[in-house]
Amino acid sequence: MMPERPRIALYYASHDGQTRKIVDRLAGHLAGHGVGASVVDLSASPSPTIDTKADLVLLAAAIRYGFHLRDARRFLERLRAEVPDSRIGVVSVNLTARKPGRQTAQGNVYLRNWLKRTGLSPAFAAAVAGKLDYPAYRWFDRTMIRAIMTISGGPTDPSTVIEYTDWAAVESLAVELAVLVKATL
Ligand SMILES: Cc1cc2nc3c(=O)[nH]c(=O)nc-3n(C[C@H](O)[C@H](O)[C@H](O)COP(=O)(O)O)c2cc1C
C-alpha cells in the first residue's frame, strides 16, 4: 500500500489577489515536498466545509485598515470549533511585513493582535509582505495608504506598484510547513 501523504488544507481571504498568489505558490511548493494541498477561496465560498481530517488547516488572510478580511475572521471562528489549535496555521498578508523583523507572530502587530484577540495558539503563524499598487486603488484608499506610507517611511508616489512579497521566504514557509506536517505522521 502507498504510505499516506500528509495533507494541508489551505483557505484564504484576498481582496486584491496577492494573498491568492501567495497561497497558490505555497500549495505548489508543498506539492513539490510531497505534501497534499487543497486550496479554497473564502470570498467565493465563505462557509465551506472544513477539511477536519487534514494534518493542518492553514488560513491566509489579507489585512485592510488594520484588520484581517471579515471572511477570514468568521472562518477562524468556525475553524476553532472544529479543529484544535494544534492543527491550525495562520498567515497574515500585509505591508508592514515588508520591514525586517515583521514576519513573525511576535514581530508583526496585526498577527500578534489577531492571536491575542482570539486567544489562538496555532501550530504555525507567519506574516508575508503583500503588494502596493496605488494605481489600482480607489481615490479614498490611495489617499489613506499614502498617508500610512508617509508615517511608516514607505513610497508615496501615486504611480508606485511594488510587489513586496519575498518569494524565497514563501518557499521557506512551505518547507517549514512540510516539516511540521511530516512530523505529525
Ligand atoms: C484599502 C487598503 C487598506 C490596507 N490596509 C493595510 C493596513 O492597515 N496595514 C498594512 O500593513 N497593509 C495594509 N494594506 C496592504 C494590503 O494588506 C496589501 O496590499 C496586501 O497585498 C493585500 O492583499 P490582497 O491582495 O490579497 O487583498 C492595505 C491595502 C489596501 C488596498
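These are my notebook entries on a predicted model of one protein chain with a ligand.

**Entry 1: overall layout**

I started with the secondary structure. I count 5 helices and 8 strands in the protein chain. Read from the N terminus, the order is β-α-β-β-β-α-β-α-β-β-α-β-α. I then checked the radius of gyration. It is 16 Å, close to the 16 Å that the globule rule gives for 185 residues, so the chain is as compact as a globular protein of that length. The C-alpha trace spans about 60 × 30 × 30 Å along its principal axes.

Next I looked at burial and contacts. Buried residues are 37% of the 185 in the chain. I took the contacts between residues at least 6 apart in sequence, and 74% of them join residues at least 24 apart.

**Entry 2: strand E1 and its partners**

I moved to strand E1, residues 7-13. Of its 7 residues, 6 are buried, and I note the strand as mostly covered. Which strands does E1 run parallel to? One is strand E2, residues 36-41, joined to E1 by 6 bridges. In that pair, Leu10 stands opposite Val39 of E2. The chain gets from E1 to E2 through H1, and this β-α-β crossover is right-handed. The other partner I found is E3, also parallel to E1 and joined to it by 6 bridges. Here Tyr12 faces Ala60 of E3.

**Entry 3: strand E5**

I wanted to know how enclosed strand E5 is. It covers residues 88-94, and 7 of the 7 are buried, so the rest of the structure largely encloses it. I checked both faces. Ile88, Val90, Ser92 and Asn94 are buried on one side. Gly89, Val91 and Val93 are buried on the other.

Then I listed the pairings. E3 and E5 run parallel, with 6 bridges between them. Leu59 has Val90 of E5 as its bridge partner. E5 also pairs with strand E6, residues 124-129, in the parallel sense over 6 bridges. Asn94 has Ala129 of E6 as its bridge partner. I also traced the connection: E5, helix H3 (residues 109-118) and E6 form a right-handed β-α-β unit.

**Entry 4: the ligand shell**

How many residues surround the ligand? I get 20, and the closest are Ser14, Asp16, Thr19, Ala62 and Gly130. I sorted the shell by element. Those giving two or more residues are helix H1 (18-32), E3, E5 and helix H4 (139-152). E3 gives the most, with 3 residues. By class, I find 7 nonpolar, 9 polar and 4 charged residues in the shell.

E3 therefore turns up three times in my notes: it is parallel to E1, parallel to E5, and the top contributor to the ligand shell.**Entry 5: two loop residues**

I looked at Tyr65 for its backbone angle. Its phi is near 50 degrees, a positive value in a residue other than glycine. Tyr65 lies in the loop between strand E3 (56-64) and strand E4 (67-68). Is Tyr65 buried or exposed? It has 8 C-beta neighbours inside 10 Å, so I log it as exposed.

My last stop was Asp157. This residue lies in the loop between H4 and strand E8 (161-163). Asp157 has 8 C-beta neighbours inside 10 Å and therefore counts as exposed. I also checked its spacing from Arg146, which is 11 residues away along the chain. The C-alpha atoms of Asp157 and Arg146 are separated by 8.0 Å.

Note on methods:
Residues numbered from 1 in each chain as written. Predicted model: local features only at pLDDT ≥ 70, side-chain atom pairs only at ≥ 80, totals over all residues. Helix = DSSP H or I, 4+ residues; strand = E, 2+ residues; numbered from the N terminus. Rg over C-alpha atoms; globule rule 2.2 N^0.38 Å. Buried ≥ 20, exposed ≤ 12 C-beta atoms within 10 Å, placed from the backbone. Contact = placed C-beta atoms within 7 Å. Pairing = 2+ DSSP bridges. Right-handed = clockwise from strand over helix to strand, strands pointing away. Near = placed C-beta within 6 Å. Nonpolar A, V, L, I, M, F, W, Y, C, P; charged D, E, K, R; others polar.
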